[in-house]
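Biologist: Please put the sequence and the structure in front of us, and then let us go through them one question at a time.

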Amino acid sequence: MPTEVVLGLAVAGTFVLYALLGGADFGGGVWDLLAMGPRKAEQRALISRAIGPVWEVNHVWLIVGLVLLFSGFPRAFAALSVALHVPLTLLVLGIVFRGTAFTFRAYDTRGDAVERRWGVLFSVASVVAPLLLGMCVGAVASDTIRMQGHAVVSGFFASWTSPFALAVGVLTLGLFAFLAAVYLTHEAHTPELAEDFRRRALVTGGLLFPLAFGVLLLSREGAPRVWTGLSQTSVALALHGGTAVAAVAAFALLWTRRFRAARVAAATQAGLIVLGWAVSQAPYLVYPALTLRSAAASPTVQKLLLVALAVGAVLVVPSLVLLFRVFRPQPPGAPPSPT
Amino acid sequence: MLMGMTDLLYARAQMGLSLAFHIVFAAAGVALPVLMVLSDWKHRRTGDPDYRKLSEKLAKGTAILFAVGAVSGTVLSFELGLLWPEFMGRYGEVIGLPFSLEGVAFFTEAIFLGIYLYGRERVSPGLHLFSGVMVAVSGAASAFFVTLVNTFMNNPSGFTATASGPTDVQPLVAMFSPGWQYQTAHVLLSCYQASAFAMAGIHAFILLKHPGAAFHKKALSVALPLACLTALLQPLVGDLSAKHVAREQPVKLAAMEGHFETQVGAPLRLGGGIDVPKGLSILAFGDPNAEVKGLNDFPRDTWPPVAKVHVAFQVMVGTGSLMALLALVTLWRRWRGRAWPHGRGLMRAWLVAGPLGLVALEAGWLVTEWGRQPWIVRGVMRTGEAVTPVPHLAAPFFTFTAVYLFLGVTVLFVLWRQVASTLPGAPPGAPSVDGKGSAHAH
């Protein structure tokens, strides 16, 4: 396999992991905003406990993806940064307010009213950021970013405000909220709390079907290459089928309250959706101007980046395993066990 | 909107603002874990609960500052493209390696900080302390790697420049561009120095108000050794760094010193009409008769903004000298008294010196950034060539200015509440991190 394809897969891999981990943290913020019913406070406390130790770690996947993109495919990074300047700036503001408000909520202890105000900022930013992230993805997938030489000539708004891009934004938000709800069923300390999030997971999971179908329909007009790619090539069809199977499985497992397995199914579903986008996009980074090959850094750089990735994995993977082991969900009522 | 400011200036102002803001949190993220682990270790050695309390307070400070540092660092990695797409489009591949390794360090820092902050009740004491050490090591590594990128911009190497961008890219050569050892040492020391001085200043302030507060004397005994050590080492490293600048970036040196005419045996101008004969030649080249190039020998369109660079340099050297002097006095008293001193006069001095580390850090960073202008990559790419074609850059500039003002004030307020809860007579029930949390996702 050519190195630029390996590197492209690595970028796609970081996006998948960011969606599964960082995306779920945004989803947690969505459920903080929508907390309701008799256990409103417990729901928020559970979300806060679940996100607290890991959100910064999960966020690093975005940084790694970004660094790999500008080191491995510098021309694509430059073009996307110009074409998507506006939504990326807004996305970054969302990321800033989500993270700082979450932290201030934990440490600014002037009483419930102040805590609530930080909570609102945290949760609203958690809704806005996934929408914008999805709109950026939609803009890239719709092939509406046009270039002449190195210059972007398609303007600063049209590509990410199309109906298709907006629909992808809403789908992203729904997907992150769904992931969070499914994960939280397994995190919950009491059966009642688990039920709260099971209901939320079933409703959002159910909404994802028409949402995904809507995106698919809009892609006929708005993103023709995605439409033909998703409905014609065999790899894409297989990914598509896998996504559907995982989605149905997640639904069935939630229905029968097998939360542990439901988590795996939901993560598979979300991961395959992101991969499906990456495959339908390949080999173009910005259609038709930049392909993996034409935007790639020189071969020496590519090889060294893969070495750096391998070295990084040797350090990061065992550390991540340790982190997730230390904070793994514990059965209700069990005392915390030293690892 | 300010009249006459071009989009290039707004872009530079936004980048400068974002870096000036981030650099404070980055420095704290590098140094506070060291102080936190030191207190933790002192607690384990002496059994004194005050040191445990101190390490918990420092951990909370680290948590707040690291969170703001993480998001403001994210802003910067996006801004590289949002503001300087041509720079990234051409040189992204040349500097990608240190950025990637910085990503790895950021990862381990975030992972072990999560374990350290939330895992005290869940992991063994040994693993807990190890996590703290890993946070400190990762923080230093990430500052090291990101400084390598700046060294490259000052002294680019490892590629052949052509009209269409770099060819023959050798990433390992670029990663260790000339002068990397001085610049990284200078930056790392400044992180420890700025944080240790700030911490010493806070506790000196409290000791002036509550002279008997044992907890704050102990806190001072953790901060002072690091503050004194770094304050004395920094002038030596700074001198090596300046000598390297004199050899490799003579325009920058001339701007730093406000030196216009090329001169053999150049004097050092201390301001106020006081000159040290041959001082500049000695400082820059270690030779009283060395020739120091003046700005007039260089084309006008390659001059950095001389006044700004000169003033920033004076501020850095001035504050650095004051801090070194205070360190000497403090060490002398420590040696005479066999304990870290906390007399009122000295505490007043430390209170005043508290912010100087940060002042010197910001001033030094301004020297290197303004001093490199008009280049973004010295000698091969001008800052104006790198800027984004996106118009109306005033809008993001003013937005980020407002956001960073709000965040800065909030952080100061929240940190002050943390400190206030340790004051003698402060009500208990201080804010606490939930140690029994759980995390999702595998």
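Modeller: A residue is called buried if 20 or more other C-beta atoms lie within 10 Å of its own, exposed if 12 or fewer do, and partly exposed in between, with the C-beta atoms placed from the backbone. This is a predicted model, in which local features need pLDDT of at least 70 and side-chain atom pairs count only at pLDDT 80 or more, while totals for chains, interfaces and linings use all residues. Residues are numbered from 1 along each chain as its sequence is written, and chains are lettered from A and ligands numbered from 1 in the order in which they are written.

Biologist: As what does Y116(B) count, buried or exposed?

Modeller: Y116(B) has its place in helix α4 of chain B, where helices (H or I, at least four residues) and strands (E, at least two) are DSSP runs numbered from the N terminus. Because 29 C-beta neighbours lie inside 10 Å, Y116(B) counts as buried.

Biologist: How many Å apart in space, C-alpha to C-alpha, are Y116(B) and L129(B)?

Modeller: Leaving aside neighbours within four places in sequence, Y116(B) is in contact (C-beta atoms, placed from the backbone, within 7 Å) with A59(B), H128(B), S131(B), G132(B) and V135(B). L129(B) is 13 residues away from Y116(B) in sequence, and in space their C-alpha atoms are apart by 7.7 Å.

Biologist: Which residues does A143(B) touch, not counting those up to four places away in sequence?

Modeller: A143(B) is found in helix α5 of chain B, and with 23 other C-beta atoms within 10 Å it is buried. C191(B) is 48 residues from A143(B) in sequence, although 9.0 Å separates their C-alpha atoms in space. With neighbours up to four places away in sequence set aside, the residues that A143(B) touches are A26(B), V30(B), V187(B), L188(B) and C191(B).

Biologist: How are α1(B) and α5(B) roughly placed with respect to each other, parallel or antiparallel?

Modeller: Helix α1 (residues 7–46) and helix α5 (residues 125–154) of chain B pack with their axes 8 Å apart and at an angle of about 155°, the axes being lines fitted to C-alpha atoms, for helices over the stretch in contact, and the angles running from 0 to 180 degrees between N-to-C directions. Angles under 35 degrees count as roughly parallel, over 145 as roughly antiparallel, 65 to 115 as roughly perpendicular and the rest as oblique. The relation of α1(B) to α5(B) is therefore roughly antiparallel.

Biologist: How many nonpolar residues are there in the contact of α1(B) with α5(B)?

Modeller: From α1(B) the contact takes in A26(B), G29(B), V30(B), P33(B), V34(B), M36(B), V37(B), D40(B) and W41(B), which meet L129(B), G132(B), V133(B), V135(B), A136(B), G139(B), A140(B) and A143(B) in α5(B). Ala, Val, Leu, Ile, Met, Phe, Trp, Tyr, Cys and Pro count as nonpolar, Asp, Glu, Lys and Arg as charged, and the others, Gly among them, as polar. In this contact of α1(B) with α5(B), 3 residues are polar and 1 is charged, and the number of nonpolar residues is 13.

Biologist: At roughly what angle do the axes of α1(B) and α7(B) cross?

Modeller: α1(B) and α7(B) are roughly perpendicular to each other. The axes of α1(B) and helix α7 (residues 180–209) of chain B come within 8 Å, and they cross at roughly 65°.

Biologist: Which residues of α7(B) make the contact with α1(B)?

Modeller: By class, the contact of α1(B) with α7(B) has 12 nonpolar, 1 polar and no charged residues. On the side of α1(B) it is made by A27(B), A28(B), V30(B), A31(B), L32(B), V34(B) and L35(B), and on the side of α7(B) by C191(B), Y192(B), A194(B), S195(B), A196(B) and M199(B).

Biologist: Which helix gives the largest share of the side of chain B that touches chain A?

Modeller: Between the chains, 62 residues of chain B are in contact with 64 residues of chain A. At least two residues each are supplied to that side of chain B by α2 (49–83), α3 (85–91), α4 (96–118) and α15 (394–420). The residues on this side of chain B divide into 35 nonpolar, 19 polar and 8 charged. Its largest share, 16 residues, comes from α4(B).

Biologist: What percentage of the residues of chain B count as buried?

Modeller: Chain B has 15 helices and 8 strands, and its C-alpha atoms fill a box of roughly 65 × 60 × 45 Å along the principal axes. Of its 442 residues, the share that counts as buried is 53%.

Biologist: And in chain A, what percentage of the residues count as buried?

Modeller: Chain A has 13 helices and 4 strands, and its C-alpha trace spans about 60 × 40 × 40 Å along the principal axes. Of the 339 residues of chain A, the buried share is 58%.

Conventions: Contact = placed C-beta atoms within 7 Å.
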